Every structure is written in structure tokens, then in C-alpha cells.
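Here are my notes for your first look at this one. Keep the structure open beside you and take the points one at a time.

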Amino acid sequence: MEFKRVLLKLSGEALMGDKQFGIDNNRLAQYAKEIKSIYDKRVEIAIVIGGGNIFRGVQAEEGGMDRTQGDYMGMLATMINSMALQGALESEGMQTRLQSAIEMKEIAEPFIKRKAVRHLEKGRIVIFGAGTGNPYFTTDSAGALRAIEIEADAILKGTRVDGIYTADPEKDPSATKYDHITFDEAYEKNLNVMDMTAFTLCKENDLPIIVFDMNKEGNLAKLLQGEKIGTLVSNSK
Ligand code: GTP
């Protein structure tokens, strides 16, 4: 598989590092270094990051708040992470642009697909903040949607596990990792790749997903060099 343009989906929670809340600067710097290693190879990179280290929509609902209200708060949380990431990438000398799905023009460009693609063509990393701009969608769905819109070759889902397993490896020691699985198989086996909205978007638009361990040094670069890192989910066998 050749990667000219990718969408990297990062988890907000991963930004906490060893902390209980918020942003760990070491983790942020580590991610910036990983991303630099593929930026220097001229891969076109778009990024979507979650907001779970700051706020989760479901949390609001549990507290009796309206789900929609909570989801918008979550979208704002992704903007904080996006700005932190943008800052970290720029301090490593990368060119970036931040686009937001919710208009906040003093801090980010509005999301404009054609402009995003132009930025990518010029070698800028484009970070898409504020999810899809709609409640009831996750940042995985935002990642899938944006990846399809910009015609990325794949969505790279950076996690803290090294792929998709036959069962939860923390509960079942005999669980084995898939190198490659089709969307249909993953669905039949009820494997949790992404939420169903994101999963279906990828399947129907033939967008491969690669789930990999973003916290392991050098993994991202290896993945883009064609090494079999993580688990590939695609339509073709
Ligand atoms: P080109 O079309 O290649 O020149 O792209 P560009 O991004 O360099 O051009 P532009 O003049 O649109 O943007 C210059 C700077 O302003 C960049 O850092 C953009 O991110 C930023 N920018 C552009 N539009 C907005 C906006 O609506 N809000 C904010 N906050 N920044 C913006």
C-alpha cells in the first residue's frame, strides 16, 4: 500500500500521557517528533484529534446535562487539543493550518475542503478541529468524513494498542492480532474498530483503516514505509 496522503486520527486521551487530565507536554512533543518523521518524507498529512482528555459528551449526559450541549463542549475540547498540537508541530518547524468545523475565525480557518486540499498540496499539515461540527458524532466519524472528503489513501488510527485482536488481549491471553481483516469480517466478528458511523463511512467509501500503536517510537514512520504495523481493515482481501 502506498501512502501519499493520510489522515491521522489521534486520541485526545493519549495526550494525557501519565497525567489524569489535560495535556502532557512530553507526549505532545513525542507526537510532534513522530509526525515530523513522515512530514520530512513529504507525505501529505491531515490530522483529527479527539477531546477525551478534557471533556466527553457522555460525561455531560451522566450529569443530567443535555447530550447536545455535552457534545458541543466536546468539540471545543478538540479545538484545545488541535491548537496544542498545532503549536507543538510548528515549534518543530512544520507548516500547519488549523480548520474548524465550528466557526471561530479568530483562532482557526473555517473548514473549507478545497482550501484544505490546497494546503496539503503545498506541504502543510492540516488539522481539522471541532469534529464534524454536529452533535451525536464522534471524532472517529469526523476523521472518516474528512479523510473521505480530502481523498486520503487511508485513515491511520493511532491508539495505545498495536492493532485489532480476536478478543480483548487484556482479558483473554490467547487472543491473537489480525494483520489484515475485511470490513465484513470485522463486522461479523463484532470487533470494535471504530464506532459504527465511522466504520460504515469507511466501508462504503472504500477507505482503508489502519489501527496501530502511536505511542511506540518509530511506528508511524515504519507504517508509511510499508512495514506491516498494526491491523489493516479494508474491503479487499
Ligand atoms: P495560500 O492560499 O496558499 O496563500 O494559503 P495561506 O493559508 O497561506 O493563505 P491565507 O492568506 O488564507 O492565510 C494566511 C494565514 O492566515 C494562515 O496562517 C491561515 O491559517 C490564516 N487564516 C486564513 N484564514 C483564516 C481565518 O479565517 N481565521 C484565522 N484565524 N486564520 C486564518
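1. Start with one pair of residues: V48 sits opposite F128, which belongs to β5. Keep in mind that you're looking at a predicted model. The strands behind this pair, β2 and β5, run parallel and are joined by three bridges.

2. Now zoom out to the sheet. It is open, has nine strands and mixes its pairing, and the order across is β4-β3-β5-β2-β1-β6-β8-β9-β7. Which strands stand at the edges? Those are β4 and β7 (180-182); each has a single partner strand, so one side of each is left without a neighbour in the sheet.

3. Stay with β2 for a moment. On its β1 side, the two strands pair in the parallel sense over six bridges. One place to find this pairing on screen is R5, whose bridge partner in β2 is E44. Five of the six residues of β2 are buried, so the rest of the structure largely encloses this strand.

4. Just ahead of β2, have a look at V43. This residue lies in the loop that links α1 (25-39) to β2. Is V43 buried or exposed? Its relative accessibility is 12%, so V43 counts as buried, the cut-off being under 20%. Skipping neighbours within four places in sequence, the contacts of V43 are F3, K4, V6, I38 and L224. Take V6 from that list: V43 and V6 are 37 residues apart in sequence, yet 7.5 Å separates their C-alpha atoms in space.

5. Next comes β6. How many of its six residues are buried? Six of the six are, so β6 is largely enclosed by the rest of the structure. In a regular strand, side chains alternate between the two faces of the sheet. You can follow that here: A154, L156 and G158 point one way, I155, K157 and T159 point the other way, and all are buried.

6. β6 also has strands to pair with. With β1 the pairing is parallel and covers four bridges, and L8 is the residue opposite L156. With β8 (residues 209-213) the strands again run parallel, this time joined by five bridges. There, T159 faces D213.

7. Turn to the helix α5 (residues 139-149). Eight of its eleven residues are buried, which makes it mostly covered. The buried ones are T139, D140, S141, A142, G143, A144, R146 and A147. What do they pack against? The list is β1 (5-10), β2 (44-49), α3 (67-91), β5 (125-129), β6 (154-159) and α7 (196-204).

8. Don't skip the two ends of α5. At the N-terminal end, T138 acts as a cap, with a side-chain oxygen 3.3 Å from the backbone nitrogen of D140. Just after the helix, E151 has a positive phi of about 55 degrees.

9. Now for the ligand. Which residues are around it? They are R97, K105, E106, I107, A108, E109, P110, K115, H119, K122 and R124. Sorted by class, this shell holds seven charged residues, three nonpolar and one polar.

10. Some atom pairs here are worth checking by eye. From R97, a polar side-chain atom lies 2.7 Å from a ligand oxygen. From E109, a side-chain N or O atom is likewise 2.7 Å from an oxygen atom of the ligand. At K105 the backbone takes part instead: one of its polar atoms is 2.5 Å from a nitrogen atom of the ligand. On its own the ligand exposes 610 Å², and the protein buries 51% of that. The elements giving two or more residues to the shell are β4 (109-110) and α4 (113-121).

11. Finish with E109, which ties the ligand back to the sheet. This residue is found in strand β4, one of the edge strands from point 2. Its side chain makes a polar contact of 3.1 Å with the side chain of H119. Beyond its neighbours within four places in sequence, E109 is in contact with R97, L98, Q99, S100, K115 and H119. Of these, R97, K115 and H119 are also around the ligand.

Methods. Residues are numbered from 1 along each chain as its sequence is written. This is a predicted model: local features need pLDDT of at least 70, side-chain atom pairs count only at pLDDT 80 or more; totals for chains, interfaces and linings use all residues. Side-chain values use heavy atoms; hydrogens and water are left out. A residue is near a molecule or strand if one of its heavy atoms lies within 4 Å of it. A polar contact is a pair of N or O atoms within 3.5 Å; within protein, one must be able to donate a hydrogen and the other to accept it, and residues adjacent in sequence count only if both atoms are side-chain atoms. Accessible areas come from the Shrake-Rupley method with a 1.4 Å probe; for residues, only the protein chains shown count as cover. Ala, Val, Leu, Ile, Met, Phe, Trp, Tyr, Cys and Pro count as nonpolar, Asp, Glu, Lys and Arg as charged, and the others, Gly among them, as polar. Contact means heavy atoms within 4.5 Å. Buried means under 20% relative accessible area, exposed over 50%, partly exposed in between (1.4 Å probe, protein chains only). Two strands pair if DSSP finds at least two bridges between them.
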